[in-house]
Amino acid sequence: MRDYVCACTVGFVDETPLADLCYAEESGGVSSLALALLPRGGQIALLQMDARLHQDHLETLIEAAMTACKGVSKVLDEVGSRKAAATSRSVKAPISANSVTLQDNMGLLSDPNRRKALINLLTRLNAPICIVCYLAGVAWFMGLAFEPFTLRTYMSENAMGSTMVEERFPAGERALATGREFAAHKRKAGGMPVDWLVKTMQARGLEVFTQSFSRTLPFPDENKERYMVKGTNVYGILRAPRAPRTEALVLSAPCSPGDSNNQAVGLLLGLAQYFRSQIYWAKDIIFLVNEHDLIGMQAWLEGYHHTNTTGMEWSPLQGRGGSIQAALSLELSSDVITSLDLVLEGLNGQLPNLDLANLFYAFCQKIGVLCTIQGKLQRNDWDNVSGYSHAVKTMMLMVMKQASGRPWGDHGLFLRYHVEAATIKGINSFRQYKTDATTIGRLLEGMYRKLNNLLERLHQSYFFYLMPSLSHFVSIGYYMPAFGLLAVILLLRALDLWVQLATPPPRTEDGIADIEQQSSPGVLSVLTPLVISHLTGVALYKLPIHFQEMAVEHFPVSETEAVVLTAIAVYTAGLALPHNTHRLLSGEGTEQGWKILKLVAVLYLAVLLGCTALINFSLGFILALTLVPLAAFITPHVSKVLSAFTMVFLSPACTLLFCVFFFQELQEMPITFQEAWMLYLSVISQGILDHSLYGSLVYPLVALLVYPCWLLFWNILFWK
């Protein structure tokens, strides 16, 4: 508060100016005015007159009013001083006792004494609080799979709220026969039977178009032994008879090599014929058969949306429908299906709107189809260890797939264009429960009839969630606190370092400060590790692909092996960062130097993990589990050998290796160390390939940001 506001009335009584008129004086018909004043600045806040006053008397009355207001202000100052003195005496004893007791009416952070006490408490108990936060974050995350802590799925979109429609599709056997015919023509053509597909779709009354595409891979894909990919997409459009054709739905089936997915193409053609005979469609329906799986789907989506983000060559689409509202990709490789698995994870961890999964689950429950997510059935015995363990495995599989950043089905590329999509995969296992093609066709027909009712894009339900089962989900408001508890550790360590740097150096007995402690580090000692670590990250990002030809010429390895081994070599070479840093610096580093560098690295990591978790929670949480402990407790004064082993153990490369082992265990497919190593190398090459082909961000994120940040802590450990 800058000043009091003092006010009074003044008037002329018998030609004498008087202040603070009483009732008798005011009722005598005198001319008066009211004035409000800020006494310290002499500023008039209010001046009001209720009667006429001669101009010659105005200045006299104003001076009298200001004198009276200043007198009131003086009295208020005296009263306030006496009150403050009494309050100070009453709290003097508690303050001297514990140095933290303050006035009740003061804020926690606005009072310097209480703020200092809080900071001292946080710095004194920094390590125990960090340990408690880490354990609490892990426990919170593990508790998310416990069913009472989850939410039941429900349909948020009113247009799809009821499944009270009669699903019809009588041509299941005919669809399987079409699939066998497709397989025969595929074997005869040695690939995609384009001409046969065009004729078949035209016979079903569709507008049929083709798109050719080609893509040169940065290095051969050893999983499918290809370097130059050429193919053709075939798609037919069923025009909406009852709408202006401004919106569309997509049903796709990839033309996979060998005998895979032939039944899906047959069912797609059967549904196209049945849909053509119905008149209730309000949206265009596009039936797409794409070649080379994700590459063909990427070419078609880029052509449909007139974009080219990956450098792929493709012919322009001759026919287009409306704006795509939703899409389903179908994968069936058997005439008889025991269960249908829903695949949701898309590019860079994107997920479709939860209502799409709810729609699939609702129709499966209605029709009686056995449905799974992550290949695992739903269990109701959540109240025992076995049921809880099953839910944890299901949720962790979703976390691992989402963290990989790769699309786990053709639907994953639709999500980039804000099209809600999912993949329905048929599974034929040892279960006795069997589902025929007619039932699957009824389920798809019911889903598309519901999607046909949409008046706008799916947006009512969640876009950020985890699913321990198809009937329960964990929303972003439930799982983000687990990450927040880990991120708090970094902020607490940053606060501790800031307090240490701000604390004045200790003085000797003669009152002179320690010169060694007081000397501040140069900018070069902090900037050099930052520059070298990020240059190493750039080398890790650029060199593997550019040096593959040189590696193949000088070593007996293939192109893919050359890329992976070059990446590993650059990654390992980064361990020499401390030596390279000290060669560029003159003299030894100071104590404050590594503290400033660690403060920068900790804040850098906090921002990096926070941004990553907002885009891809699973990836951000996995990185936080391994990087936060080493970032919190690494210093140059700990045991070098043990700490170096711990840092390598928690490095991004080893984290990936552990994830490979863990993922196989979750899938109940344990592997040996040699098999895990080969799979580990394949995962690295696939990550680089996914970035080049589809724009996956995991590899550049790790190479350009996460790895350099880890190198900063590695440099701190070996600080001289």
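## A first look at the chain

Let's start at helix α14, which covers residues 523-546 and includes Val523. Keep in mind that this is a predicted model. Val523 sits at 65% relative accessibility, and exposed means over 50%, so this residue counts as exposed. Together with Leu527, Val531 and Leu535, Val523 makes a nonpolar surface patch of about 380 Å².

Now for the whole chain. There are 720 residues, and 49% of them are buried. The secondary structure adds up to 23 helices and 16 strands. If you take the contacts between residues at least 6 apart in sequence, 78% of them link residues at least 24 apart. On the outside, the chain exposes about 34100 Å², with 60% of that coming from carbon and sulfur atoms.

How about a corner with strands? Strand β3 (residues 32-38) is mostly covered, with five of its seven residues buried. Here is how β3 pairs up:

| Strand pair | Sense | Bridges | One bridge |
|---|---|---|---|
| β1 (residues 6-13) and β3 | antiparallel | six bridges | Cys6 with Leu37 of β3 |
| β3 and β4 (residues 43-49) | antiparallel | six bridges | Leu38 with Gln43 of β4 |

β3 and β4 form a hairpin with four residues between the strands, and Gly42 there has a positive phi near 70°.

Finally, a word on confidence. Mean pLDDT for the chain is 85, and 90% of the residues reach 70 or more. Over residues 92-106, though, pLDDT stays under 50, and the model has 11 contacts beyond four places in sequence for that stretch. Where pLDDT is low, the predicted coordinates shouldn't be read in detail.

Methods: Residues are numbered from 1 along each chain as its sequence is written. This is a predicted model: local features need pLDDT of at least 70, side-chain atom pairs count only at pLDDT 80 or more; totals for chains, interfaces and linings use all residues. Side-chain values use heavy atoms; hydrogens and water are left out. Patches are made of residues with over 30% relative accessible area and no salt bridge: like charges are joined within 9 Å, nonpolar side chains (Val, Leu, Ile, Met, Phe, Trp, Tyr) within 5 Å. Accessible areas come from the Shrake-Rupley method with a 1.4 Å probe; for residues, only the protein chains shown count as cover. A salt bridge is a side-chain nitrogen of Lys or Arg within 4 Å of a carboxyl oxygen of Asp or Glu. Helices (H or I, at least four residues) and strands (E, at least two) are DSSP runs, numbered from the N terminus. Buried means under 20% relative accessible area, exposed over 50%, partly exposed in between (1.4 Å probe, protein chains only). pLDDT is the predictor's confidence in each residue, from 0 to 100. Contact means heavy atoms within 4.5 Å. Two strands pair if DSSP finds at least two bridges between them.
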